[in-house]
Amino acid sequence: MTNSQDTLFAQPGEHQGNFQFDSRVAGVFGDMIRRSVPGYGQIIATLGDFADRAVTPGSTVYDLGCSLGAATLSIRRRIEGRQCRIIAVDNSEPMLERCRENLAAYVSDTRVELMLKDIRDVTFENASLVVLNFTLQFLPPADRDALIRKIYAGLNPGGMLVLSEKLKFDSGEIQTLLDELHLDFKRANGYSELEISQKRSAIENVLIPDTLAQHRERLSSAGFAAHDLWFQCFNFVSMVAIK
């Protein structure tokens, strides 16, 4: 997938207000997330591995908050010939436009349906795999439990949910340490102090992280008996839950 370099926050006062997944963000999102989320490439690649094990013939895969389609592409490569379909959902039309272009660049016999919709309004049926890749954290906290319960209800027995999120920590000392390491990661990827500061201001009221304990409790309460971390780098994690 080709993407422009992320310079959205490089000038003072640029992109003021709350962060939005608009056309400007969609145009640089691939570069933005690569330089902002440690381990993102590994997570995307491993989603294909999970799909290879979880996705059964004739079932449905849901990619919720699909953005540019990286997760969908990784999954689609590994489930060729299974007569499945992938439903890729996002509430940003600019993101879906980019996603459509990226998917069209690769030939596949697996059907992908792009859906412009709020993920809270999706009906889950015959699901073998559901992916929430850094998406739940953008929902209002009061709506998160209901979505996870709804996903659980729509999963087939043995189906998987893969949930990737930014975490907050109960320990102030750990929070500070991992936040500082994350900032060092961004600096090493070429972001200036101005860019880091302006991005933080734009996103702090939009991305509201949970603790790991909150995620575990939410998954257990929804009915997932088996769930745990499979990846962590600094304050970014990915979990897998099996019905």
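**Close-up views of a predicted model**

**View 1. Arg200 at the surface boundary of helix α7.** Arg200 counts as partly exposed, with a relative accessibility of 42%. This value, like the others in these legends, comes from a predicted model. Arg200 belongs to helix α7, which covers residues 193-203. Arg200 is also one of the residues that UniProt lists, in an unreviewed entry, under "binding site".

**View 2. The residues listed by UniProt as "binding site".** Which residues should you pick out here? The unreviewed UniProt entry gives Tyr40, Gly65, Cys66, Ser67, Asp90, Asn91, Asp118, Ile119, Asn133 and Arg200. They span 161 residues of sequence and are spread in space too, with C-alpha atoms up to 24.6 Å apart.

**View 3. Tyr40 and its contacts.** Tyr40, another residue from the UniProt "binding site" list in the unreviewed entry, lies in helix α2, residues 40-54. Is Tyr40 buried or exposed? Its relative accessible area is 13%, so Tyr40 is buried, the cut-off being under 20%. Setting aside neighbours within four places in sequence, Tyr40 is in contact with Ile33, Ala70, Asn133 and Phe134. Of these partners, Asn133 appears in the UniProt list as well.

**View 4. The stretch annotated as "domain: Methyltransferase".** In an unreviewed entry, UniProt assigns this annotation to residues 61-159. Within residues 61-159, the chain is 32% helix and 28% strand. The C-alpha atoms at the two ends of this stretch are 10 Å apart.

**View 5. Helix α5 crossing helix α8.** Here you can follow helix α5 (residues 144-154) and helix α8 (residues 212-222), whose axes come within 9 Å and cross at roughly 45°. That angle makes α5 oblique to α8. The crossing of the two helices is right-handed. Which residues make the contact? From α5 they are Arg144, Asp145, Ile148, Arg149 and Tyr152, and from α8 they are Arg218, Leu219 and Ala222. Sorted by class, the contact of α5 with α8 has 4 nonpolar and 4 charged residues, with no polar ones.

**View 6. His215 in helix α8.** Staying with helix α8, this view turns to His215, which has its place in that helix. His215 has a relative accessible area of 1%, so it is buried. What is His215 in contact with, leaving aside its neighbours within four places in sequence? The partners are Leu136, Leu163, Glu165, Leu167, Asp210 and Met239.

Conventions
Residues numbered from 1 in each chain as written. Predicted model: local features only at pLDDT ≥ 70, side-chain atom pairs only at ≥ 80, totals over all residues. Heavy atoms only, no water. Axes fitted to C-alpha atoms, helices over the stretch in contact; angles between N-to-C directions. Helix = DSSP H or I, 4+ residues; strand = E, 2+ residues; numbered from the N terminus. Parallel < 35°, antiparallel > 145°, perpendicular 65-115°, else oblique. Left-handed = near helix turned anticlockwise from the far one by under 90°. Contact = heavy atoms within 4.5 Å. Nonpolar A, V, L, I, M, F, W, Y, C, P; charged D, E, K, R; others polar. UniProt positions renumbered as here; feature names shortened; annotations may be inferred. Buried < 20%, exposed > 50% of the residue type's maximum accessible area, 1.4 Å probe, protein only.
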